[in-house]
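Student: I should like a close look at a single part of this model, the largest pocket, followed by an account of the sheet. Please treat the two in one connected answer.

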Amino acid sequence: MIDNPNNIPYPKLAPNTVALVGIPFDEYSSFMRGPAKAPSAIRQTLHNGASNLFAENGVNLDTHPLFRDLGDLTLPGGEEAMFAIETAVERLTEQKVRILSLGGDHAITFPVVNALTRTYENLTILHLDAHPDLYDSYDGSRFSHACPFARIMESGRVKRLIQVGVRGMNDEQRRQVEKFGVTCIEMKDYRSKNPIALEGPLYLSVDMDVLDPAYAPGVSHHEPGGMSTRKVLRLIQSIGCRIVGADIVEVNPDRDVNGMTAAVAAKFVKEIAGVMIRQVK
Ligand code: MN
Ligand code: MN
């Protein structure tokens, strides 16, 4: 368990370990709070005994030596949380540990990616979301969960941002896509038979609202017309380049129905970790 991200007795982990880290932070959600409760809801589903911990590629997270659950970060409030997240992730990433983080809202992705860019140059980000999250600021905040990819792109430290599943962009968001040279594959144009050419090192960021609300009702922003669970799984399973970090964000347990969304997120934990572990020869 990680108690204090600024003073962590980090376990010594083998390089390439996939470390599950909860980041229970939702102060920068614009519409409703709730995603801070997601890490415990997702873990509860993972371990409730209803299904095993095998990924579809045969990796068993229950016994695999490269999978570790480090528990949740304990975080201060506001901007200090951003620094605390960045510090915690940096300490793990510099040991070549690969973080799979559970948000939290999407604001956590900025400090996480910032930390990764200190170890990995030329990072490509694959970002699955109903929204581009590229606002310069939102409701007066530049750290809002509507802004992380604007912060990441203006840092100039990632090579490429590829977004998939976006729907209903407004004029400002379209201008930001242009300005930052983002490859934005809108949901209306996405065809799974045309795979996206990805180069590693890759960071994968999954906002659960990329799914149609029929599959994942437990999110703050319902955007109909999204992906099926299987479509997202096929995309994850098709990634051939090296994944050096990933997150699953925006589960809102307060809105969930019978834990359906937490169950989909738990499934994504298994499949993302399974793909990451299989990449180690
Ligand atoms: Mn998002
Ligand atoms: Mn979203």
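**The largest pocket and the sheet**

Tutor: In this predicted model, the largest pocket holds about 250 Å³ of space. Its lining is made up of 18 residues. Those that lie nearest the centre of the pocket are His-131, Asp-133, Tyr-135, Ala-146 and His-221. By residue class, the lining divides into six nonpolar, six polar and six charged residues.

We turn now to the sheet. Eight strands form an open sheet with parallel pairing, in the order S2-S1-S3-S8-S7-S4-S5-S6. Strand S2 (67-72) and strand S6 (183-186) are the edge strands, and each of them pairs on one side only. From one strand to the next, the twist averages 15°. Strands of a sheet pair through backbone hydrogen bonds, either parallel or antiparallel.

The pairing of S1 with S2 can be followed in detail. Strand S1, residues 18-23, runs parallel to S2 and is joined to S2 by four bridges. Within this pairing, Leu-20 has Asp-69 of S2 as its bridge partner.

Two helices pack on this part of the sheet. Helix H1, residues 38-46, touches S1, S2 and strand S3 (98-103). The direction of H1 makes about 135° with that of S1. Helix H2, residues 78-93, also packs on the sheet and touches S1, S2 and S3. For H2, the angle is given against S3: the two directions make about 150°.

Notes. Residues are numbered from 1 along each chain as its sequence is written. Chains are lettered from A and ligands numbered from 1 in the order in which they are written. This is a predicted model: local features need pLDDT of at least 70, side-chain atom pairs count only at pLDDT 80 or more; totals for chains, interfaces and linings use all residues. Side-chain values use heavy atoms; hydrogens and water are left out. On a 1 Å grid over the protein atoms alone, a cavity is a set of points where a 1.4 Å probe fits but cannot get out, and a pocket is an open set with protein on both sides within 12 Å along at least five of seven lines; lining residues have an atom within 4 Å of a point. Grid points are joined across faces, edges and corners, and a volume is the space filled by probe spheres set on the points. Ala, Val, Leu, Ile, Met, Phe, Trp, Tyr, Cys and Pro count as nonpolar, Asp, Glu, Lys and Arg as charged, and the others, Gly among them, as polar. Two strands pair if DSSP finds at least two bridges between them. Axes are lines fitted to C-alpha atoms, for helices over the stretch in contact, and angles run from 0 to 180 degrees between N-to-C directions. Contact means heavy atoms within 4.5 Å.
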